[in-house]
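Dear colleague,

Please find the structure below, handed over for your records. My findings follow it.

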Amino acid sequence: MLKIAVLISGTGSNLQAILQAQKNPDYPARVALVLADRDAPGLQHARDANIPHETVRPTKYPNRADWGEKLTETLAAHEITPSAGDTDKTARQDGTPAHPPACLIVSAGFMRILPPGFVTRHYPHIINTHPALLPRYPGAHAVCDALTANAKQTGATVHVIDTGIDTGPILRQTVLNIKPGENETSLHERIKNVERPLLVDTIARIANGTLTLPTR
Ligand code: GRF
């Protein structure tokens with residue numbers, strides 16, 4: 001069973017989708033911790049589901065590296081210790097050896113750039129969902145950028161986080177056609193409708209070993 005920490009800043013609808021998925025006993029991952037950088041409204045989903053949750057504000061630390069250290073400590077306090085050798089030793093039902101990771105960090109609407117030391121330490125067990133078809137439109141304004149560029153298509157990407165901004169290895173994507181005259185709010189809602197199942201399914205594939213994360 002894959003243990004996941006979900007990092008949020010906002011409404012947490014992606015988190016909510018994961019929590020909904022894990023109500024099914026066959027879903028191969030469980031949220032062990034919700035970690036926010038602010039009083040995110042999405043923390044309510046953790047409270048409602050009785051999931052441990054913590055807020056670690058970067059402004060409380062003298063520098064980003066120290067904030068990253070605190071994030072790692074907080075994960076470890078909840079026994080989330082993603083590392084290359086940390087694999088799920090549970091036997092597969094079909095008898096094949098299990099080598100998926102035991103823990104995964106999932107950034108789902110976390111509106112901060114993670115410190116490079118934190119990313120390097122946990123790579124590749126740290127993934128992000130992004131509301132565009134990377135490598136197009138990285139950054140915090142991806143939906144607006146796609147509209148401004150008059151793109152015909154956009155979508156959602158789940159990728160491994162590296163030390164760049166939305167530059168890590170792409171795991172999965174869903175393509176969406178942009179409607180004429182569509183505004184940012186409606187387009188983002190439509191993207192989120194495809195993003196949530198994509199994220200839920202990507203986590204399941206990582207957990208059951210059908211999607212292998214890149215090596216370091
Ligand atoms: C998602 O579209 C995510 O890709 C972007 O912010 C949104 C977060 O939505 N970075 P929510 O907080 O999960 O509802």
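How much area does the chain expose, and what share of it do carbon and sulfur atoms supply? The chain exposes about 10,500 Å², of which carbon and sulfur atoms supply 52% (Shrake-Rupley method, 1.4 Å probe; for residues, only the protein chains shown count as cover).

This is a predicted model, in which local features need pLDDT of at least 70 and side-chain atom pairs count only at pLDDT 80 or more, while totals for chains, interfaces and linings use all residues. Residues are numbered from 1 along each chain as its sequence is written, and side-chain values use heavy atoms, with hydrogens and water left out.

The chain contains six helices and seven strands (DSSP runs numbered from the N terminus: helices H or I of at least four residues, strands E of at least two). From the N terminus on, their order is β-α-β-α-β-α-β-α-β-α-β-β-α. Buried residues (under 20% relative accessible area, 1.4 Å probe, protein chains only) make up 50% of the 216 residues.

Turning to the ligand, 13 residues surround it, and Thr-11, Gly-12, Ser-13, His-188 and Glu-195 come nearest (a residue is near if one of its heavy atoms lies within 4 Å). Oxygen atoms of the ligand take part in polar contacts (N or O pairs within 3.5 Å): one is 2.8 Å from a polar backbone atom of Gly-12, one is 2.6 Å from a polar side-chain atom of Ser-13, and one is 2.9 Å from a side-chain N or O atom of Lys-192. The protein covers 90% of the 370 Å² of accessible area that the ligand has on its own. Helix H6 gives the largest share of the shell, three residues.

With kind regards

Methods
A polar contact is a pair of N or O atoms within 3.5 Å; within protein, one must be able to donate a hydrogen and the other to accept it, and residues adjacent in sequence count only if both atoms are side-chain atoms.
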